[in-house]
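Work through these exercises with the sequence and the 3D view side by side. Try each task before reading its solution.

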Amino acid sequence: MEESSSSSELKRPQFGTRNLSDPQNVFQHNACWFSCLHIRYDPTRFRKKPALKETCDGRTLKNQEDVWHHNAWDNVLWDEKQVEAAEAKLKLNSSSFMDEEVALKYEKEASQFWDTFYSTHENKFFKDRHWLFTELPELCSEHLESSSATDATKASAPCQLAGFRILEVGCGTGSTVFPLLEANTLKKSFVFCCDFAPKAVELVKSNPEYDPARCHGFVCDISEDNVKFPFPENSLDVILVIFVLSAISPEKFSSTIVQLSRQLKPGGRIFFRDYGRYDMAELRFKPGKCISEHFFVRGDGTRVYFFSQDELRKLFEGAGLVEEQNVIDRRLLVNRGKQLTMYRVWIQCKYRKPT
């Protein structure tokens with residue numbers, strides 16, 4: 001036994017000698033300690049479904065008996081009975097609006113409620129949005145169009161040398177920011193990110209992946225008038241507005257979009273994704289939580305609005321932007337263990353500033 005053991009040890013290569021230098025040899029051993037292959041970021045490795053397009057079927061539920069075969073179904077069509085049931089629930093939970101004084105409290109203390117939310121959950125609540133590169137492939141480093149810095153961008157800003165400038169409003173703890181930094185390894189882009197909750201920005205800056213040479217986080221309430229941004233107007237290529245406009249009072253929607261559109265350079269785009277009408281979350285609210293039509297207060301004091309395609313079209317086109325995408329993402333989520341179905345409704349838009 002000792003001889004066989006010693007002979008096997010002689011055959012085993014020493015640590016560090018089993019290197020994978022050619023991918024064609026990957027199946028010759030059970031493990032390779034070092035790899036000389038160049039590993040680059042692949043935005044499709046987190047892809048769970050095709051990009052959202054009006055012509056894309058995705059994982060379509062064609063037979064109701066198959067509903068328990070998967071955890072999620074895309075582009076689910078609602079029948080008349082389902083729409084009527086949703087309208088009845090919405091009529092019930094919106095039967096009476098919240099007292100104006102109470103609603104005003106949630107408006108004045110909005111940032112405090114979100115600050116408490118992030119202090120409680122930190123970065124454990126929202127998942128990283130790697131799906132963003134499926135829906136907006138131009139954000140990947142391979143798709144970035146390097147542009148020379150204009151005279152306007154030669155001001156004292158952290159992105160003076162960047163050829164592609166991104167702003168995310170309502171950045172939270174960085175569920176979009178850090179996937180962006182990971183994807184854009186060629187360092188052609190610079191990411192600005194802001195949130196009106198100081199705790200959120202603090203968590204972003206304390207993350208080990210935060211790089212001041214490639215990213216700048218700052219506290220900002222985009223719903224205020226004449227916000228002083230750390231960059232000049234007409235200087236951004238992309239603005240990301242993802243599940244953030246719904247947290248703002250509806251009467252401030254128009255001025256907020258107008259203010260953001262001024263920051264875009266000609267040809268720049270706003271990418272928007274947020275809650276749509278009759279989403280499961282809207283129908284679950286109990287009476288007494290409604291501030292105004294489709295505008296509610298959650299149990300933790302944060303607020304949420306549920307949009308329609310038409311009002312978003314009016315908002316963005318009213319700010320002088322051109323529509324490239326405005327689609328409803330209706331999805332059916334399934335809990336096969338508890339035999340529960342959950343209908344989610346989101347709206348995704350892309351609007352461009354004319355050249």
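What share of the contacts in the protein with a separation of 6 or more comes from residues 24 or more positions apart? Residues 24 or more positions apart account for 72% of those contacts, a contact being heavy atoms within 4.5 Å.

The model is predicted: local features need pLDDT of at least 70, side-chain atom pairs count only at pLDDT 80 or more, and totals for chains, interfaces and linings use all residues. Residues are numbered from 1 along each chain as its sequence is written, and side-chain values use heavy atoms, with hydrogens and water left out.

**Exercise 1. Take stock of the whole protein.**

Step 1. Count the secondary structure: the protein has 10 helices and 13 strands. Helices (H or I, at least four residues) and strands (E, at least two) are DSSP runs, numbered from the N terminus.

Step 2. Check burial. Of the 355 residues, 44% are buried. Buried means under 20% relative accessible area, exposed over 50%, and partly exposed in between (1.4 Å probe, protein chains only).

**Exercise 2. Find the two sides of helix 4.**

Step 1. Locate helix 4 at residues 110–121. Its 12 residues reach 17 Å from first C-alpha to last, close to the 16 Å expected at 1.5 Å a residue. The expected span is 1.5 Å times one less than the number of residues.

Step 2. List the buried residues of helix 4: Ala-110, Phe-113, Trp-114, Phe-117 and Tyr-118. They sit on the same side of helix 4 because they cover an arc of only 135° around the axis. The arc is that of the directions from the helix axis to the C-beta atoms.

Step 3. Turn to the other side of helix 4. Thr-116 and Thr-120 are exposed there.

Step 4. Ask what covers the buried residues. The cover includes helix 3 (100–108), strand 5 (189–195), helix 7 (198–206) and strand 11 (303–305).

**Exercise 3. Trace the open sheet.**

Step 1. Write down the strand order. The 8 strands run 3-12-13-8-7-4-5-6, with mixed pairing. Two strands pair if DSSP finds at least two bridges between them.

Step 2. Mark the edges: strand 3 (72–73) and strand 6 (215–219) each pair on one side only.

Step 3. Inspect one pairing. Strand 4 (residues 164–169) and strand 5 are parallel, over 6 bridges. Phe-164 has Ser-189 of strand 5 as its bridge partner.

Step 4. Add helix 7. Helix 7 lies across strand 5 and strand 6, at about 160° to strand 6. Axes are lines fitted to C-alpha atoms, for helices over the stretch in contact, and angles run from 0 to 180 degrees between N-to-C directions.

**Exercise 4. Follow the charged pairs.**

Step 1. Start with the total. The whole structure holds 14 salt bridges. Each is a side-chain nitrogen of Lys or Arg within 4 Å of a carboxyl oxygen of Asp or Glu.

Step 2. Pick Arg-273 and Asp-329. Their closest N and O atoms are 2.9 Å apart. Arg-273 lies in strand 8 (residues 264–275) and Asp-329 in strand 12 (residues 322–335), so the pair ties together parts 56 residues apart in sequence.

Step 3. Check the surroundings. Arg-273 is buried, at 7% relative accessibility. Asp-329 is buried too, at 1%.

Step 4. Extend the chain of pairs. Asp-329 also bridges to Arg-331, at 2.4 Å between the closest N and O atoms. Asp-74, Arg-273, Asp-329 and Arg-331 are linked in a network of salt bridges.

Step 5. Now take Glu-311 and Arg-277, a salt bridge at 2.7 Å, N to O. Glu-311 is in helix 10 (residues 309–318) and Arg-277 in the loop between strand 8 and helix 9 (280–283), 34 residues apart. Arg-277 is partly exposed, at 23% relative accessible area.
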